[in-house]
Amino acid sequence: MNILCFGDSNTFGISPVDGKRLGDGERWPGILAKLLGSEHQVIEAGQPNRTLVKDPPFSGDKSGIKYLKPYLEAHTVDVIILQLGTNDLKARFGLTPEQIAEGLKQLLFDINEFYKSSDPPTCIIISPPKVIEVNQYEHMYAGAALKSQQLAGHFFDVAKAKQYRFLDAYPLASPCFSEGLHLTSKAHNLLAEHLASLLLNDKA
């Protein structure tokens with residue numbers, strides 16, 4: 001089974017301690033690969049600042065199918081794990097949870113369009129984890145604490161309509177309380193364990 005992990009900085013594995021990238025065995029895609037074993041391939045495609053709806057004006061174009069398509073062209077993919085939506089909560093975008101969920105629906109539509117002549121891979125949708133409005137993220141993510149909680153229900157509805165599996169990261173994967181955005185080591189481990197359970201139980 002080939003599994004593509006497509007997400008933002010929490011998929012890429014930014015450390016809340018020093019801002020550097022966590023090691024292979026510390027970020028959830030790498031932990032997931034170890035849990036699943038060598039008979040499965042986990043393809044990491046995390047990118048800081050990646051969005052569902054808006055292109056970050058200071059970081060270039062990182063949204064949508066444009067950055068997913070090269071991975072789909074290069075790999076035979078059985079499962080796509082999507083962990084997106086946190087960056088869309090930035091205050092400057094002014095997006096509602098409903099609008100962010102529409103961005104997810106559009107991305108899923110684009111994936112199906114890419115595979116319109118063949119069967120598309122199944123998807124696992126991860127809702128954004130909790131956002132804590134502190135320090136450098138207090139103003140950048142003003143209002144995101146409540147919106148990140150509300151997104152889970154909207155993402156669940158999108159996953160259910162598409163008959164995709166859903167993992168609610170809001171109660172499961174907490175960020176560092178003093179940094180506010182990036183996942184702790186414990187959260188990376190918990191995410192990987194729950195994803196491994198979803199994948200292995202589905203296979204069984």
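1. Let's start with a bit of vocabulary: a residue is called buried when its relative accessible area is under 20%, exposed when that area is over 50%, and partly exposed in between. Take Glu102 as a warm-up: its relative accessible area is 45%, so Glu102 is partly exposed. Keep in mind as you read that this is a predicted model.

2. Glu102 has a partner, too. It forms a salt bridge with Lys105, and the closest N and O atoms are 3.2 Å apart. Both residues belong to helix α4 (residues 97-114), where they are three residues apart, so about one helical turn separates them. Lys105 also counts as partly exposed, with a relative accessibility of 39%.

3. How many salt bridges does the structure hold? There are four. As a general idea, side chains of opposite charge can pair when their charged atoms come close.

4. Now look at the group around Arg27. Arg21, Asp24, Arg27 and Glu44 are linked in a network of salt bridges. Within that network, Asp24 pairs with Arg27, with 2.7 Å between the closest N and O atoms. Arg27 also meets Glu44 in a salt bridge, at 2.7 Å from N to O. What does the Arg27–Glu44 pair tie together? Arg27 sits in the loop between α1 (9-12) and α2 (28-36), while Glu44 is in strand β2 (residues 41-46), so the pair connects parts that are 17 residues apart in sequence.

5. Is Arg27 buried or exposed? Arg27 counts as buried, because its relative accessibility is 6% and the cut-off for buried is under 20%. Its two partners come out another way: Asp24 is exposed at 54% relative accessible area, and Glu44 is partly exposed at 26%.

6. Next, helix α2. Its buried residues are Trp28, Pro29, Gly30, Ile31, Leu32 and Leu36. After α2 comes Gly37, which has a positive phi, near 95°.

7. Two asparagines deserve a look for their backbone angles. Asn49 has a phi near 75°, which is a positive value in a residue other than glycine. You'll find Asn49 in the loop between β2 and α3 (65-74), and at 25% relative accessibility it counts as partly exposed.

8. The other asparagine is Asn135. Its phi is positive as well, about 45°, although Asn135 is not a glycine. Look for Asn135 in the loop between β4 (122-126) and α5 (137-140). Asn135 is exposed, since its relative accessible area is 56% and the cut-off for exposed is over 50%.

Key. Residues numbered from 1 in each chain as written. Predicted model: local features only at pLDDT ≥ 70, side-chain atom pairs only at ≥ 80, totals over all residues. Heavy atoms only, no water. Salt bridge = Lys/Arg side-chain N within 4 Å of Asp/Glu carboxyl O. Buried < 20%, exposed > 50% of the residue type's maximum accessible area, 1.4 Å probe, protein only. Helix = DSSP H or I, 4+ residues; strand = E, 2+ residues; numbered from the N terminus.
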